[in-house]
2 protein chains.
Amino acid sequence: MSQSITIKDIAKLLGLSKSTVSRALKDHPDISPETKRAVKEIAEKLHYKPNHVAISLRHRKSRMIGLLVPNISYFFFPSVIEGIEEIVHEHGYQLMILQSNESYEREVNSIDTMLANNVEGILASVSRKTEDFSHFKNVIDRDIPIVFFDRVPEEIKADMVLVDDIRGTYDGVKHLLDTGRKQIAICIGHPNLLISKNRLKGYKMALNEVGLEVEEKYIISGQSIDDVERATHQLLNQENPPDGIFAISDLTMTGIMRAIYANRLRIPEDIAVIGFCEEPFSTMYNPPLSTIQPMGFEIGKMATEVLFTRIQAEHGFMMTPEIHNITSKMVIRGST
Amino acid sequence: MSQSITIKDIAKLLGLSKSTVSRALKDHPDISPETKRAVKEIAEKLHYKPNHVAISLRHRKSRMIGLLVPNISYFFFPSVIEGIEEIVHEHGYQLMILQSNESYEREVNSIDTMLANNVEGILASVSRKTEDFSHFKNVIDRDIPIVFFDRVPEEIKADMVLVDDIRGTYDGVKHLLDTGRKQIAICIGHPNLLISKNRLKGYKMALNEVGLEVEEKYIISGQSIDDVERATHQLLNQENPPDGIFAISDLTMTGIMRAIYANRLRIPEDIAVIGFCEEPFSTMYNPPLSTIQPMGFEIGKMATEVLFTRIQAEHGFMMTPEIHNITSKMVIRGST
DNA sequence: ACCGGTTTCGCAACCGGTTGCGGTTGATAA
DNA sequence: TTATCAACCGCAACCGGTTGCGAAACCGGT
């Protein structure tokens, strides 16, 4: 039984044609009830499983959704994926997950394999290194729906689902101000990224609202935990160190926390900390961190729902792309 | 250009047959150099990309490896996946990642879609809920190589790649003893799991070696962070509380740490902590945790290498299954 | 002119399903 | 008796490549 059994096998056993078996299996009205029964019975007995590859080839569609993520190593993307899978499976589709690992080549490659595998739609979060977006244009030209989330290309016309960074940062910084902090620092990622810009915007909004000016010395950035740790050290050891820090991600938060611990500062007495962090990351610290939850699950769900409306829309009748902002939830814990 | 272009398109444009084009593209010696040049040139110009689905159907193989994991939400599996991807891509294959989410139905389902998609091999870590393993037997009967890792079924004859739990736990507990601890507790997962049994074994080995007896009250277990947190509370508040705890995973560690913090105990002064934990999890705490690193990356690599030797072996000529133990690395930090 | 051997290419079947269309059968109506 | 029609099923093409085999065209040698 090393070979999987096919429709032809069933047909031969029953003295029928392939077409009849195929139709019987899917309750086509042309087939008599007895024939259907016989076919289904033997199919059941032999554990017949249709070959998706053949179906995909014939129909030019695969019931598969391609997912491109930079990585799955931290909290955010896995939770997004959970949201995606919920909707994908609801529709009876399968998910094909590809990691770019922040590499442009692998990103292009991944898109190629998705197309070569006839995915019916693509969800994508782009790599940090990507600056040429023609592989995505390619997808759009082929009329394959694509929805970007979180890390989106700026120059592509497509649906986007984003965390509301401006609002989230504004909320977090405002909360720090509300608890009496005056010198609030922020740690951002790569300054070119849209998310960094937006978060800075929210930061400025909150400060300006209470008449504070943005000071350059309170803005640090870093690409890795170690980067951030070093930057935070400098930040804490300058004159007039901050009494509150807003971290932009789980990674920056880790670097910041390490530096704070190393400097023997107390949280929240000496310095308050809040930032964009996922569960269960934020509850592991001492004290548990107040956070702006990015709601990865909701982002995944929303992105996938948008994708399916595109898939189900008549081809050619494309609505204009939309941008969805998912507002984050602020959770106050011991660190502020 | 909404339709992707095929071999037939190229053939028509050049007045050739499909077969000639196909052969030209793969440098078949039967084709003249000029024809090859012409074909390749126009293929390049039109951005021709072969349709993997068609190739897969024809060859009955897909150059895809299926990966079944319970989840991708924590540190261990993502790092395993990194190792897997390294080897998979080295071989020019693609990885199809499916999550069971600890659900038996979804596990069976995932195996089905892998088979239906003609994967050439499967890497699997089974769900906690799985007790019937016939879906895996099915795979083996079909002569499709499968390698289990980390969470393995006991009653299936197949290659396995495991963390050396006995050795790892032994090392960790021994280290606690070496630093002068006398009452050492351990927190395990579900008692039925092989890993729990093995880790208990290592725990006992280390204790017995220095003439200590295993006491039931020092063995706790839990399925979730909250479970563990509660159990640790009880553990710490009984008479003769432990002065060292060995945690069996990132999850149990989180519960334990929360309970320790809540009880205002100092680490490592009052209680030392060590356990199986992944980077960067263990460095986030205060103090950074000593850990037994499970080496997910190595496990992934090893499992995939074994899988490819099976794939490349002549079918039928199956070697007997092997069990590989990956020894963990002990990293001493501030918590012990 | 004829033959054997290359070189170069096309025909057609095939992978495993799907589907338009046409054919056969039997029953019913005219 | 014959036309009509529904019920039921098979033929064959198709999706996009791959490949065994045969054939045409050309070569130099006799």
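In this predicted model, a polar side-chain atom of K18(B) lies 2.9 Å from a base oxygen of DNA strand D. Two other residues of chain B approach that strand in other ways: a polar backbone atom of A54(B) is 3.4 Å from a base nitrogen of DNA strand D, while an N or O atom in the side chain of H59(B) is 3.2 Å from a sugar or linking oxygen of the strand. The elements that contribute two or more residues to the surface near DNA strand D come from both protein chains, namely α2 and α4 of chain A together with α1 (7–14), α2 and α4 of chain B.

Taken as a whole, the surroundings of DNA strand D consist of 28 residues, and the closest of them are T20(A), R23(A), T35(A), R60(A) and R58(B). Of the atoms of DNA strand D that come within 4 Å of the protein, sugar and phosphate account for 55%. Sorted by class, the residues of this surface comprise seven nonpolar, eleven polar and ten charged ones.

The text now turns to the other DNA strand. DNA strand C has 28 residues around it, of which R58(A), T20(B), R23(B), T35(B) and R60(B) come nearest. Sugar and phosphate make up 56% of the atoms of DNA strand C that come within 4 Å of the protein. For some of the residues around this strand the individual atom pairs can be followed, and they reach both bases and phosphate. A polar side-chain atom of S19(B) lies 2.9 Å from a base nitrogen of DNA strand C, and an N or O atom in the side chain of R23(B) is 2.6 Å from a base oxygen of the strand. T35(B), in turn, has a side-chain N or O atom 2.6 Å from a phosphate oxygen of DNA strand C.

The surface near DNA strand C also draws on both chains, since at least two residues each are supplied by α1 (7–14), α2 (18–25) and α4 (52–59) of chain A and by α2 (18–25) and α4 of chain B. The residues of this surface divide into seven nonpolar, eleven polar and ten charged.

Helix α4 of chain B, one of the elements named for both strands, can be looked at by its two ends. At its start, a side-chain oxygen of N51(B) reaches to within 2.8 Å of the backbone nitrogen of V53(B), the helix itself covering residues 52–59. After the helix comes R60(B), whose phi is positive, near 55°, and R60(B) is also among the residues that come nearest to DNA strand C.

How are the two protein chains related to each other? Chain B is superposed on chain A by a rotation of 180° with 0.0 Å of shift along its axis, with an RMSD of 0.1 Å. That is the relation of a two-fold axis. The same surface serves both copies, in that 98% of the contact residues of chain B recur in chain A.

Within a single copy, chain A contains twelve helices and twelve strands. Its radius of gyration is 26 Å, well over the 20 Å that the globule rule gives for 336 residues, so chain A is more spread out than a compact globule. The C-alpha trace of chain A spans about 90 × 40 × 30 Å along its principal axes. Of the 336 residues of this chain, 55% count as buried, and among its contacts between residues at least 6 apart in sequence, 69% join residues at least 24 apart.

Two individual residues give a closer view of the chains. T336(A) is placed in the segment after β12 (329–331) of chain A. Is T336(A) buried or exposed? With a relative accessible area of 18%, T336(A) is under the 20% cut-off and therefore counts as buried. Its side chain makes a polar contact of 2.9 Å with the side chain of S290(A), and, leaving aside neighbours within four places in sequence, the residues in contact with T336(A) include H175(A), L176(A), P268(A) and I274(A).

In chain B, I245(B) lies in strand β8, which covers residues 244–247, and I245(B) is buried, with a relative accessible area of 1%. Not counting residues up to four places away in sequence, I245(B) touches several others, among them L176(B), A185(B), T232(B), I256(B) and V273(B). By contrast, I245(B) and I31(B) are 70 Å apart in space, C-alpha to C-alpha, and 214 residues apart in sequence.

Definitions and conventions:
Residues numbered from 1 in each chain as written. Chains lettered and ligands numbered in written order. Predicted model: local features only at pLDDT ≥ 70, side-chain atom pairs only at ≥ 80, totals over all residues. Heavy atoms only, no water. Least-squares fit on C-alpha atoms with pLDDT ≥ 70 in both. Contact = heavy atoms within 4.5 Å. Polar contact = N/O pair within 3.5 Å; in protein donor to acceptor, adjacent residues only side chain to side chain. Helix = DSSP H or I, 4+ residues; strand = E, 2+ residues; numbered from the N terminus. Near = heavy atom within 4 Å. Nonpolar A, V, L, I, M, F, W, Y, C, P; charged D, E, K, R; others polar. Rg over C-alpha atoms; globule rule 2.2 N^0.38 Å. Buried < 20%, exposed > 50% of the residue type's maximum accessible area, 1.4 Å probe, protein only.
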